[in-house]
Amino acid sequence: MRLPLLVALVVLSGCGGRLSYSAAQKRATDKNLAAHDQLRDELYLEANGAPFEPILAVVELNHEALPAGGLVGLRPGEGLYAMPDGELALMTKACIRGNACGCEVSRDYKYLKRPDGTVVVVRLTPVVSVREIRVASCGTGCGQPAPPPLRSAARLGVQDAKAIRFVEGSYPYELVVETCAKPVPRP
C-alpha cells in the first residue's frame, strides 16, 4: 500500500515538488466541484423546494426592468423583467471573473419551486483565489473573438415579485493559470 505513495513522492520530488499545470488544474477542478456541490446541497435543504429548469427568454431592448425596490436579494447587475404575458424573468450576472477571451469563473444559479407557489433562486458564488503555475511557454489572447451573447433571462413562472426569494452562499474556488516569461499570441 505504501508503494503508490512512495512513487508519487518520488515523481513530485523529481519535479522540484511542483505539480504540472494540468495536474494542478485537475486537482483544483475536483476541489472546486466538491465545494460547489456541497454548498448546493446545503442550500437546497434550506430552500425546501423542488428544482426546476426555467425556460430562457431573450430580453429585448423594449422590455423594461422592474424597479428592484422591495425585492430583497437582487444584486447589482441582475435584473427582473416583466415579459409580455406578465411572467417575471430574472436576468442573472453569472460572470465573476473574466478576461479578454470571455468568462473564466461563473456564479451558478439554481431554481426551486416551493409547495406554496413561491420560487427560490439559489445563488452559488465562488470566492476566487488564483494559483499561478510557471511553464516554459504559454499562449496569450484567445484568437478569434466570439460574438456577444444574447441578453437572456430565466422565466420564473410567477407574476408577482413577492413570490421570489433568494438564498445564497459562497465556496472556495481555486483558479489555476499558466504564466511564462514570453507568451506567444494565439492565432
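The structure holds 1 aromatic pair. The model is a predicted one. The two partners are Phe52 and Tyr111. Their ring centres sit 6.2 Å apart, and the planes make an angle of 50°. That geometry is tilted, because planes under 30 degrees apart would count as stacked and planes over 60 as edge-to-face.

Where do Phe52 and Tyr111 lie in the secondary structure? Phe52 belongs to strand β1, which covers residues 50-52. Tyr111 belongs to strand β7, residues 108-113. The partners come from parts 59 residues apart in sequence, so the pair ties those parts together.

Next comes solvent exposure. Tyr111 has 8% relative accessibility and therefore counts as buried. Phe52 has 23% and counts as partly exposed. The cut-off for buried is under 20%, which means that Tyr111 meets it at 8%, while Phe52 at 23% falls in the partly exposed class.

Now the whole chain. It has 2 helices and 12 strands. Read from the N terminus, the order is α-α-β-β-β-β-β-β-β-β-β-β-β-β. The helices thus precede the strands.

How much of the protein chain is buried? Of its 187 residues, 32% are buried. Tyr111 is one of the buried residues.

The contacts add a view along the sequence. Take those in the protein chain with a separation of 6 or more. Residues 24 or more positions apart account for 72% of them.

Last, the surface. The protein chain has an accessible surface of about 11900 Å². Carbon and sulfur atoms hold 58% of that area.

Technical notes
Residues numbered from 1 in each chain as written. Predicted model: local features only at pLDDT ≥ 70, side-chain atom pairs only at ≥ 80, totals over all residues. Heavy atoms only, no water. Phe/Tyr/Trp six-rings, centres within 6.5 Å; stacked < 30°, edge-to-face > 60°. Helix = DSSP H or I, 4+ residues; strand = E, 2+ residues; numbered from the N terminus. Buried < 20%, exposed > 50% of the residue type's maximum accessible area, 1.4 Å probe, protein only. Contact = heavy atoms within 4.5 Å. Areas by Shrake-Rupley, 256 points an atom, 1.4 Å probe, with all protein chains shown as cover.
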